[in-house]
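Welcome! Please take a moment to look over the sequence and the model, then try each exercise before reading its solution.

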Amino acid sequence: MNMFVVRPLCALIMVLSTAANAAPDGIRVDAATRAGVVRELAQAMDEQYVFPDKAKLVVERLEAKEKSGAYTDIATLEELARVLSADLRESTRDGHLRVRVSVQPLPDIPPEPTPEMEKMMFEHDRASNFGVRKIETLPGNIGYIDLRTFASVDFARDIIGAAMQVVADTDALIVDLRSNGGGDAQTVAFMSSYLFDKRTHLNDLVWREGGLRESFWTQDEVPGKRFGGQKKIYVLTSKKSFSAAEEFGYNLQQLKRATLVGETTGGGAHPGGVRRLHPHLSVFIPSGRAVNPISKSNWEGTGVIPDVPVAADEALRTAQRLALKALLEKPRDAMHADLLRKRLAEVDKQG
């Protein structure tokens, strides 16, 4: 199983899904439907969840609550989704586990995305510019990329490559992931390839099914010019940073390639896929876990802890100050040093 394969399916469900208050009166649920959903959810967890022992605890909890009548008063699918999501996390503390409601009927979910699904996801990702919100050069020749998602690499390759060309000749780089909720591990590896001078092992995903280990490395060749492996990188984080966004920061942190600035992230290191429970309900079930080649661990439950902890809204200014101070340690000449001092004074005034 590959995170690249399941991600378009997950995103498709998220496009179709709605917040609990999207339907004014909710989608009504009767006792038979409620019992069927609980039964299907228990089976899905038993078959797919990354940790079989924890899956067993979840199944026992679900069956006990159903038998005791704890779900009897639930009248809508929206409420059922909220309660079941909480029950899933009670025994696992897994932030990826979530039951979602869709006002539109959900299609059967095939093992791999169909051409129609791929087209829908391409249009969805294109509408958000494949996650790239802003690219600019900040004062002091500091590159800045605001990336809101790691869209599927087949869709995002061109724009990620183009973004990296814009910042290739800057003297330092800030990657803003404060509003990035995750995405495709292959895109993480592709973007990271611009930040190293040689092939580098970034991360592994170990899947429950067959104990398959999937390794992610930087690519030997990338389109255009690399930013390179020597200049300073700063990754901005917040409590909203999640999943693949956390992986990007954690990988670079473990490799001592970047300084993380901001807040501790959300703590989701378990990729997986979507399972349909009902025409209007689905669940995301993690079936793998990240294993970093250096730490031999991951950020599940703890989040990625920044090197420089500051409030999210202070992270960009803090990173600019760090970058300018680092550049001042080795200015090209006296004129460059004067310029950097001027830029640093301007950033300090912003506070």
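The exercises below treat a helix pair, two sheets and an annotated region of this predicted model.

**Exercise 1. Describe how helix α2 and helix α3 pack, and which residues meet.**

Step 1: Find the two helices. Helix α2 covers residues 31-48, and helix α3 covers residues 52-68.

Step 2: Look at their geometry. The helices pack at an angle of about 165 degrees, and their axes are 8 Å apart. Angles over 145 degrees count as roughly antiparallel, so α2 is roughly antiparallel to α3. The crossing of these two helices is left-handed.

Step 3: Turn to the contact. From α2 come A35, V38, L41, A42, M45 and D46, and they meet A55, V58, V59, L62 and E66 of α3. Sorted by kind, the residues of the contact between α2 and α3 are 9 nonpolar, no polar and 2 charged.

**Exercise 2. Work out the strand order of the sheet with 3 strands, and find the helix that packs on it.**

Step 1: Put the strands in order. The open sheet reads β7-β6-β12, with antiparallel pairing.

Step 2: Pick out the edges. These are β7 (213-217) and β12 (288-291), each of which pairs on one side only. From one strand to the next, the twist averages 25 degrees.

Step 3: Zoom in on one pair. Strand β6 (residues 201-207) is joined to β7 by 5 bridges, and the two run antiparallel. Here L205 stands opposite E214 of β7.

Step 4: Add the helix. Helix α7 (residues 185-192) packs on this sheet and touches β6 and β7; its direction makes about 30 degrees with that of β7.

**Exercise 3. Trace the sheet with 6 strands, then place helix α8 on it.**

Step 1: Follow the order. This open sheet runs β3-β4-β5-β8-β9-β13, and its pairing is mixed. Its edge strands are β3 (132-138) and β13 (308-309), each pairing on one side only.

Step 2: Examine a parallel pair. Strand β8 (residues 232-237) and strand β9 (residues 259-262) pair in the parallel sense over 4 bridges. In this pair, T237 stands opposite G262 of β9.

Step 3: Place the helix. Helix α8 (residues 244-254) lies across β5 (172-176), β8 and β9, and runs at about 140 degrees to β8.

**Exercise 4. Which residues does UniProt assign to a domain, and how much helix and strand do they hold?**

Step 1: Check the record. An unreviewed UniProt entry places "domain: Tail specific protease" at residues 114-311.

Step 2: Describe that stretch. Over residues 114-311 the chain is 24% helix and 30% strand. The end C-alpha atoms of the stretch are 42 Å apart.

Technical notes:
Residues numbered from 1 in each chain as written. Predicted model: local features only at pLDDT ≥ 70, side-chain atom pairs only at ≥ 80, totals over all residues. Heavy atoms only, no water. UniProt positions renumbered as here; feature names shortened; annotations may be inferred. Pairing = 2+ DSSP bridges. Axes fitted to C-alpha atoms, helices over the stretch in contact; angles between N-to-C directions. Contact = heavy atoms within 4.5 Å. Parallel < 35°, antiparallel > 145°, perpendicular 65-115°, else oblique. Left-handed = near helix turned anticlockwise from the far one by under 90°. Nonpolar A, V, L, I, M, F, W, Y, C, P; charged D, E, K, R; others polar.
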